[in-house]
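Dear colleague,

I am passing on to you the structure we spoke about, and below it I have set out what was found when its side chains, its core and its internal spaces were examined. Please read the notes with the structure open beside them.

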Amino acid sequence: MSTRIAFLKGHGTENDFVIIPDPENVIDLSPAAVAALCDRRAGIGGDGLLHVVRSAAHPEARAMAAEAEWFMDYRNGDGSVAEMCGNGVRVFAHYLQRAGHVAEGDIAVATRGGVKTVHIAKEGDITVGMGKALLPEGDVTVSVGERSWPARNVNMGNPHAVAFVEDLDHAGDLYTAPPFSPASAYPDGVNVEFVVDRGLRHVALRVHERGSGETRSCGTGACAVAVATARRDGADPAVTGTPATYTVDVPGGRLVITERPDGEIEMTGPAVIVAEGEIDAGWLETATP
């Protein structure tokens with residue numbers, strides 16, 4: 001490993017990430033190293049890490065290299081691997097444009113949740129094709145303290161439990177994962193969204209992301225919430241033939257989610273790069289015994 005490792009810091013609606021450009025996949029990013037980098041006191045700080053790798057150079061992405069040159073090797077803030085991160089894809093695409101790897105318009109990004117289509121608009125917002133939602137059957141319940149709510153099971157390439165509440169404060173501090181049942185519904189854990197109505201096709205959420213705790217935003221969570229809210233409202237674009245668009249407020253900003261009649265979901269929102277610099281590789285080695 002070189003003595004210096006380039007990094008950037010970015011966020012999408014305040015869901016923030018450490019960005020490590022590594023086109024040829026030569027940097028060893030162990031779970032402990034990722035957790036150290038994402039530590040908000042002893043490291044750079046972030047909800048997660050975006051490892052920027054050419055698809056052909058990564059064993060998990062080589063099969064997608066013909067469709068997408070770049071692979072988003074995404075890790076949660078605790079170092080665990082995640083399938084997908086919607087806000088992360090926008091920041092990832094913004095980095096690729098900033099670095100001169102791509103231009104405005106449509107690009108493809110490989111993720112563990114499949115190849116995602118991304119549109120970089122001239123005015124700055126980025127739209128991500130998030131794929132289709134799966135709605136597993138079966139009752140799910142989530143709890144905080146003495147309160148419990150029924151939740152909608154929505155899978156966006158990663159699992160979500162969406163609960164409609166009267167007040168977002170009912171979600172508690174969200175430092176720890178809200179209990180859910182049955183355990184068999186989410187054998188690998190779950191992202192939990194608590195949702196309130198703000199107006200016509202307009203909702204707000206708070207979220208506990210598995211591996212990260214409460215975050216300021218969750219892109220896949222916003223998509224899951226839009227789908228769950230549409231079904232609650234009796235709107236299914238596959239049945240009506242009309243797209244359903246919801247504005248979803250997150251603590252860090254606002255996202256616009258559209259579900260099309262073919263089931264494809266699009267998420268539009270901002271992406272920002274706030275800093276860049278170098279990591280001392282010696283520090284990283286001592287921080288990861």
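Asp47 is a buried residue, its relative accessible area being 8%, and it forms a salt bridge with Arg40 in which the closest N and O atoms are 3.0 Å apart. Arg40, on the other side of that pair, is partly exposed, with a relative accessible area of 48%. Please keep in mind throughout that this is a predicted model.

The pair of Asp47 and Arg40 does not stand alone, since Lys9, Asp16, Arg40 and Asp47 are linked in a network of salt bridges. Over the whole structure, the search finds 19 salt bridges, and two others deserve a description here.

One of them joins the side chains of Arg112 and Glu60, with an N to O distance of 2.8 Å. Arg112 sits in the loop between strand 5 (105-111) and strand 6 (114-120), while Glu60 sits in the loop between strand 3 (48-54) and strand 4 (70-76), so this salt bridge ties together parts that are 52 residues apart in sequence. Both partners count as partly exposed, Arg112 at 21% relative accessibility and Glu60 at 45%; for Arg112 the assignment rests on the cut-off, because buried means under 20% relative accessible area.

The other is the salt bridge in which the side chains of Asp249 and Arg254 meet, at 2.7 Å from N to O. Here Asp249 is buried, with a relative accessible area of 15%, whereas Arg254 is partly exposed, with a relative accessible area of 48%.

Turning to the interior, the largest nonpolar core is made up of 52 residues, and those with the most contacts inside it are Met72 and Ile257. Helix 3 (residues 219-232) contributes the most to this core, giving eight residues. If residues up to four places away in sequence are set aside, the residues that Met72 touches include Leu50, Met84, Cys85, Val89, Phe92 and Val109, and His51, Gly88 and Thr111 are also among them. There is, in addition, a second, separate core of 16 residues, which includes Trp149, Ala151, Val190 and Phe194.

As for internal spaces, the structure holds two cavities of 30 Å³ or more. The largest cavity has a volume of about 90 Å³, and of the 13 residues that line it, Asn76, Met84, Asn158, Asn191 and Glu209 are the closest to its centre. Met84 thus appears both in this lining and among the residues touched by Met72. Taken by class, the lining of the largest cavity has five nonpolar, five polar and three charged residues.

The second largest cavity has a volume of about 30 Å³, and its lining consists of Ala226, Val227, Ala230, Ala244, Tyr246, Ile257, Thr258 and Glu259. Helix 3, strand 15 (244-250) and strand 16 (253-259) are the elements that give two or more residues to this lining, which divides into six nonpolar residues, one polar and one charged. Ile257, which lines this second largest cavity, is also one of the residues with the most contacts inside the largest nonpolar core, and helix 3, which gives the most to that core, is again among the elements named for the lining.

With best wishes

How values were computed
Residues are numbered from 1 along each chain as its sequence is written. This is a predicted model: local features need pLDDT of at least 70, side-chain atom pairs count only at pLDDT 80 or more; totals for chains, interfaces and linings use all residues. Side-chain values use heavy atoms; hydrogens and water are left out. A salt bridge is a side-chain nitrogen of Lys or Arg within 4 Å of a carboxyl oxygen of Asp or Glu. Buried means under 20% relative accessible area, exposed over 50%, partly exposed in between (1.4 Å probe, protein chains only). Helices (H or I, at least four residues) and strands (E, at least two) are DSSP runs, numbered from the N terminus. A nonpolar core is a set of buried Ala, Val, Leu, Ile, Met, Phe, Trp, Tyr and Cys residues joined through side-chain atoms within 4.5 Å. Contact means heavy atoms within 4.5 Å. On a 1 Å grid over the protein atoms alone, a cavity is a set of points where a 1.4 Å probe fits but cannot get out, and a pocket is an open set with protein on both sides within 12 Å along at least five of seven lines; lining residues have an atom within 4 Å of a point. Grid points are joined across faces, edges and corners, and a volume is the space filled by probe spheres set on the points. Ala, Val, Leu, Ile, Met, Phe, Trp, Tyr, Cys and Pro count as nonpolar, Asp, Glu, Lys and Arg as charged, and the others, Gly among them, as polar.
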